Amino acid sequence: MSDELDLLYTDVEESVRDSVRSLLAKRSTPEQVVRVYDGDRSGLAELWQALAAELGLAALLVPEEHGGAGASAREAAVVLEELGRYVAPVPFLTSAVVATTALLEAGATDRLGELAAGERTAALAVPFSTAPGRAVPAVSVDGGVLQGSVHAVAGALEADLLLVPVRTDGGLELHEVSGGDARVTPVTSLDMTRQVADIDLTGVASRRIAGADAAERAVGRALETGAALMASEQYGVAQWCLDTTVEYLKIRRQFGRIVGGFQALKHRLADLYVTVESARAAARYAAAAVAAGHPDRSVAASAAQAYCADAAVLAAEEAIQLHGGVGMTWEHPAHLYLKRAKADQIALGTPGAHHALLAALVDLPAA
Amino acid sequence: MTDTDKTIADLAARVEKLLAEHPPAATDRLEFLRARFDAGLAWVHFPEGLGGLGLPRELQAHVDRLLARAGAPDNDPRRNGIGLGMAAPTILAYGTEEQKKRFLRPLWTGEEIWCQLFSEPGAGSDLAALATRAERDGDHWIVNGQKVWTSGAHKARWAILVARTDPGAPKHRGMTYFLCDMTDPGVEVRPLRQITGEAEFNEVFLTDVKIPDSLRLGEEGEGWRVATATLMNERVAIGGGDPRREGGMIGVVAGTWRERPELRTPELHARLMRLWVEAEVARMTGRRLRQKLAAGQPGPEGSAAKLTFARLAQQLSGLELELLGAEGLRYDDWTMKRPEVVEFTGKDAGYRYLRAKGNSIEGGTSEILRNIVAERVLGLPPEPRTDKDVPWKDLPR
């Protein structure tokens, strides 16, 4: 239809959503998810296995010739909407989106089959806070072994394969390290549903998978695609917060009335609805632009990330406030969403970092 | 070739034919616009014979682009915003065949400008409280009352009008919708000077105005339902936004930012970038809404778009004055004027700042729109009412 990207959902996307949602509704309920905060990570590998193998999610972005499903960023974005809605503790974003994109862009396709099959997972070894185009490798290579360490890497704990940006005299290189060879130290994380870890790579042997130009492009595109698609996860978080709060305010009574009938609260929820619908449009546009390889993809990714990061945090904060005392309890799942939303706001570039990227992209210089 | 591709190819052929038969350079503007309407290229989502081809609304942009590229005149939609955005879709939805045939063509070409006789001194946000009476007199109606905030009444040939026809019914049920000839005896338009110094709006006094029953739109007593359709279209029209990036207020501020590096500060930059993102996201939200509505009528979601539009226009026009610093202390002209077109982003920065204050009031205040979103979209309990099921004549006023 003309040259306008479609921001609605296709029937295929809706059917992907249905299958992800019905599996998560059984196997990733808030009662199951909250256990990871008490250090109980049992069952997480099985949950990912079910999503990766039964539903084929790990294979979505892998082209068919490499054993994948050859789907597009649009379907991956719908998956992330559902993963956000359930704050699911699975490495879809870190492995099936970010690391997979890095491997594809680097032309290092030999690992993609095992990733697509869900047999192994990978992680890009940069701090999870890194914005696209802003990766500064803390690791160097000397005599075939690596030197250095990387902090706050998401997806590293479960990763069988680490993709490590390495600083050399000739520029950035991308190296591959077996997860078992690195010293990976789990960090007690704000968001335990996507726990970060510190990685010490000193003395670890690596394999170079991309040289300067290809590595630069691979890391940049991986982070940009991650930022673009994480917007859909943020939208999913925000939508859950809105839906849950609206339902609660329809049953909760105070002063002899249904609380949701008070205009002060109705107006806050109306404003939140506007924000959440806007987040959905921004996220859809980013996903569609990435899927189409559209020239506007970088602008779309940063605009979506800047907007959706704040939208998710706002929605989670409003959910807690409007639930009153119950919103502050461990029993109510709202806290899981706040922790995911706040961590996501920092992840892959803060809104401020994306504003800076945008300023350059759309010619609105700071000074 | 998909069906859509075929439709686009067919549209391109129709545009070619129109341009060949009426070369823009050699054709009178009005004649070209009439030919474009007759070719179904005015609003392609309207039915054939009424300026359209019964196609998805989305395809209009494609036609507009092709015609603009060929240097064809457009119908200057700003001159007749109420006609195009509100009267036309309502007439299409509720009008008789005669009414559609009579009104849509001169409306679209701009030969006849429209205004909206809805608000009254005592019935703004509570539109259903309106008191203007229409009493039946054989095959006519006799209308008496006062309207206010009537944008463009001084240049309008026709008006959409809601009046009370049954004071014994509860307020939402006793109203009827009419098309009113502004040249009729008894219609008096007085300028209403506003915050900007201009009189873009008017008071309209209706004294024994005689409207034939053939200009009733919809059934007697159905006025509220018809008016609701108009209002939803109004919100989409106001909040629908510009399909271009940096269309509207953000483009004005971004342009100043680029041209005037000496004005830049880090604090203003942070606010500019945040609002740039919000404007861009609002554009995508509007686009998504349009795609959703391509086949259907606007629902309450249009209220959300208008809420965003009003907030952004006010924040951006305020930011612009700060950015301009000392220049922001000046104002262009306080002389009372009655403008030809409604300007949201034209004129100077001070005007824009003051005019934008109306964006959260006209076409439904932001407070009312939030109630609409909360009640009709989110399903929250309605505001407590004291006027429900009470005959309008018994309500305290």
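1. First, a term: a cavity is a set of grid points where a 1.4 Å probe fits but cannot get out. Keep that in mind as you look around this structure, which is a predicted model. The second largest cavity has a volume of about 80 Å³. Around that space you'll find Arg41(A), Pro89(A), Val90(A), Pro91(A), Thr94(A), Gly155(A), Glu158(A), Thr193(A), Arg194(A) and Gln195(A). Sorted by class, this lining has three nonpolar, four polar and three charged residues.

2. Now for the largest cavity, which holds about 100 Å³ of space. Its lining includes Thr94(A), Val98(A), Leu124(A), Phe128(A) and Leu348(A). What classes of residue make up the lining of the largest cavity? Eight are nonpolar, two are polar and none are charged. Thr94(A) is worth clicking on: it lines the largest cavity and also the second largest one. In total, the structure holds five cavities of 30 Å³ or more.

3. Pockets come next, and here I'd look at the second largest pocket, with its volume of about 480 Å³. It is lined by 26 residues, and the closest to its centre are Asp271(A), Thr275(A), Tyr307(A), Glu278(B) and Arg311(B). Which elements give two or more residues to this lining? From chain A they are helix H8 (263–291) and helix H9 (297–322), and from chain B helix H8 (266–293), helix H9 (301–324) and helix H11 (366–377). The class count for the lining of the second largest pocket is 11 nonpolar, seven polar and eight charged residues.

4. On to the cysteines. How many disulfides does the structure hold over all chains? Zero. Take Cys241(A): its closest cysteine sulfur is in Cys308(A), and because the two sulfurs are 14 Å apart, that is too far for a bond. Cys241(A) also counts as buried, because its relative accessibility is 0%. Over in chain B, Cys115(B) is in no disulfide either, with the nearest cysteine sulfur, that of Cys180(B), 7.8 Å away. Cys115(B) has a relative accessibility of 0%, so it counts as buried too.

5. Cys115(B) sits in strand S1 (residues 114–117) of chain B, so have a look at which way the side chains go. Trp114(B) and Gln116(B) point one way, Cys115(B) and Leu117(B) point the other way, and all are buried. S1(B) runs parallel to strand S4 (residues 158–164) of chain B, and four bridges join the two. Opposite Trp114(B), in S4(B), stands Trp158(B).

6. Last stop: Glu246(B), in the loop between helix H6 (223–239) and helix H7 (249–259) of chain B. Is Glu246(B) buried or exposed? Buried, because its relative accessibility is 18% and the cut-off for buried is under 20%. Not counting residues up to four places away in sequence, Glu246(B) touches Leu364(A), Gly251(B), Ala254(B), Arg258(B) and Trp276(B). One of those contacts, Leu364(A), belongs to chain A.

7. Two of those contacts, Gly251(B) and Ala254(B), are among the buried residues of H7(B), along with Met249(B), Ile250(B), Val253(B), Gly255(B), Thr256(B) and Trp257(B). H7(B) is largely enclosed by the rest of the structure, because eight of its 11 residues are buried. What do the buried residues of H7(B) pack against? They pack against H8, H9 and helix H10 (349–356) of chain B.

Definitions and conventions: Residues are numbered from 1 along each chain as its sequence is written. Chains are lettered from A and ligands numbered from 1 in the order in which they are written. This is a predicted model: local features need pLDDT of at least 70, side-chain atom pairs count only at pLDDT 80 or more; totals for chains, interfaces and linings use all residues. Side-chain values use heavy atoms; hydrogens and water are left out. Buried means under 20% relative accessible area, exposed over 50%, partly exposed in between (1.4 Å probe, protein chains only). Contact means heavy atoms within 4.5 Å. On a 1 Å grid over the protein atoms alone, a cavity is a set of points where a 1.4 Å probe fits but cannot get out, and a pocket is an open set with protein on both sides within 12 Å along at least five of seven lines; lining residues have an atom within 4 Å of a point. Grid points are joined across faces, edges and corners, and a volume is the space filled by probe spheres set on the points. Ala, Val, Leu, Ile, Met, Phe, Trp, Tyr, Cys and Pro count as nonpolar, Asp, Glu, Lys and Arg as charged, and the others, Gly among them, as polar. A disulfide is a pair of cysteine sulfur atoms within 2.5 Å. Two strands pair if DSSP finds at least two bridges between them.
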